[in-house]
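Subject: Structure for you to look at

Dear colleague,

I am passing on the structure we spoke about, with the sequence alongside. Please open it first, and then read the notes below with the model in view.

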Amino acid sequence: MMASSSSYNSPCAACKFLRRKCLPGCVFAPYFPPEDPQKFINVHKIFGASNVTKLLNDVLPHQREDVVSSLAYEAEARVRDPVYGCVGVISFLQRQIDRLQKDLDAANADLIQMNSIQLVNPLQRGSTDHFYARRVGGGGTGFYQPLPSFPDYQYVNRQINRRTQ
């Protein structure tokens, strides 16, 4: 919570805008400092000073800062988008979340598909290759030759041969 600057300096932004004297204990002073007049102007334009006063007096003092923060956010959103206000921002963010969720689901599906391909073609993993092929040649220049009962692995064999060369 900000300290009231009205007792020593200029009046708070609310009292200055409303052209009234900023008295000690002003309900607006802690939340609408003179350095940020636009914050009160927006809130006043959308909600009205008397409604804001009522709201601030109806909540506990430790809740007032959150109330003003919410009012200021809604007022700024309403000034920027008079039709939708915060709802427009929320809708935009919800669409963005939905799009990102679809992207994430697609990426997960791709990963699952890649993992299932590796399970079907274990030669690509290299850990269980001795079950399906035998290594021909020595050192790093060898290649895998499929066993006669697995003729479908010719393509995989070529891929492994390219990696080892």
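In which helix does N42 lie? N42 belongs to helix α2, which runs over residues 37-47. Please keep in mind throughout that this is a predicted model.

N42 makes a convenient starting point, because with a relative accessibility of 11% it counts as buried. Setting aside residues up to four places away in sequence, N42 touches A75, E76 and V79.

**The chain as a whole**

The protein chain has six helices and two strands, and along the sequence these are arranged in the pattern α-α-α-α-α-β-β-α. The chain has 165 residues, of which 27% count as buried. If one takes the contacts in the chain with a separation of 6 or more, 39% of them are made by residues 24 or more positions apart.

**Helix α4 and the core**

Helix α4 covers residues 64-80, which is 17 residues, and spans 24 Å from its first C-alpha to its last, close to the 24 Å expected at 1.5 Å a residue. The buried residues in α4 are R64, V67, V68, L71, A72, A75 and A77.

The largest nonpolar core contains 21 residues, and those with the most contacts inside it are C12, C26, F28, F32, F40, V43 and L56. Two or more residues are given to this core by each of α1 (13-18), α2, α3 (49-58) and α4, and the element that gives the most is α4, with five residues. As general background, nonpolar side chains in soluble globular proteins tend to be buried together.

V43, which is found in helix α2, is a useful residue to follow here, since its relative accessibility of 0% means that it counts as buried. Apart from neighbours within four places in sequence, V43 is in contact with F32, G48, V52, L71, A72 and A75. The C-alpha atoms of V43 and V68 are separated by 8.7 Å, although the two residues are 25 residues apart along the chain.

**The aromatic residues**

How many aromatic pairs are there? The count comes to four. In one of these, the ring centres of F28 and F40 are 5.4 Å apart and the planes stand at 65 degrees, and because that angle is over 60 degrees the pair is edge-to-face. F28 lies in the loop between α1 and α2, whereas F40 lies in helix α2, so the pair ties together parts that are 12 residues apart in sequence.

Are these two residues buried or exposed? F28 is buried, with a relative accessible area of 0%, and F40 also counts as buried, at 0% relative accessibility. Leaving out neighbours within four places in sequence, the contacts of F28 are C12, A14, R20, F40, A49, V52, T53 and L56.

Ring pairs also link F17, F28, F32 and F40 into a cluster. In addition, the charged end of K39 sits over the ring of F32, at 5.7 Å from the ring centre.

**L18 and R19**

L18 is found in helix α1 and is partly exposed, with a relative accessible area of 27%. With neighbours within four places in sequence left aside, L18 is in contact with F40, H44 and A49. The C-alpha atoms of L18 and A49 are 8.6 Å from each other, while the residues themselves are 31 residues apart along the chain.

R19, by contrast, is found in the loop between α1 and α2, and at 77% relative accessibility R19 counts as exposed. What is the phi of R19? The angle is positive, at about 55 degrees, although R19 is not a glycine. For comparison, most residues other than glycine have a negative phi.

**The annotated region**

Finally, an unreviewed UniProt entry carries the annotation "coiled-coil region" for residues 90-117. In the model, residues 90-117 are 100% helix and 0% strand, and the C-alpha atoms at the two ends are 40 Å apart. The name of the region comes from that record, whereas the helix content is computed from the predicted model.

With best wishes

Terms used
Residues are numbered from 1 along each chain as its sequence is written. This is a predicted model: local features need pLDDT of at least 70, side-chain atom pairs count only at pLDDT 80 or more; totals for chains, interfaces and linings use all residues. Side-chain values use heavy atoms; hydrogens and water are left out. UniProt positions are given in the numbering used here, feature names are shortened, and annotations may be inferred rather than shown by experiment. Helices (H or I, at least four residues) and strands (E, at least two) are DSSP runs, numbered from the N terminus. The expected span of a helix is 1.5 Å times one less than its number of residues. Buried means under 20% relative accessible area, exposed over 50%, partly exposed in between (1.4 Å probe, protein chains only). Contact means heavy atoms within 4.5 Å. A nonpolar core is a set of buried Ala, Val, Leu, Ile, Met, Phe, Trp, Tyr and Cys residues joined through side-chain atoms within 4.5 Å. Rings of Phe, Tyr and Trp (its six-membered ring) pair if their centres lie within 6.5 Å; planes under 30 degrees apart count as stacked, over 60 as edge-to-face and the rest as tilted. A charge sits over a ring if NZ of Lys or CZ of Arg is within 6 Å of the ring centre and within 35 degrees of the ring normal.
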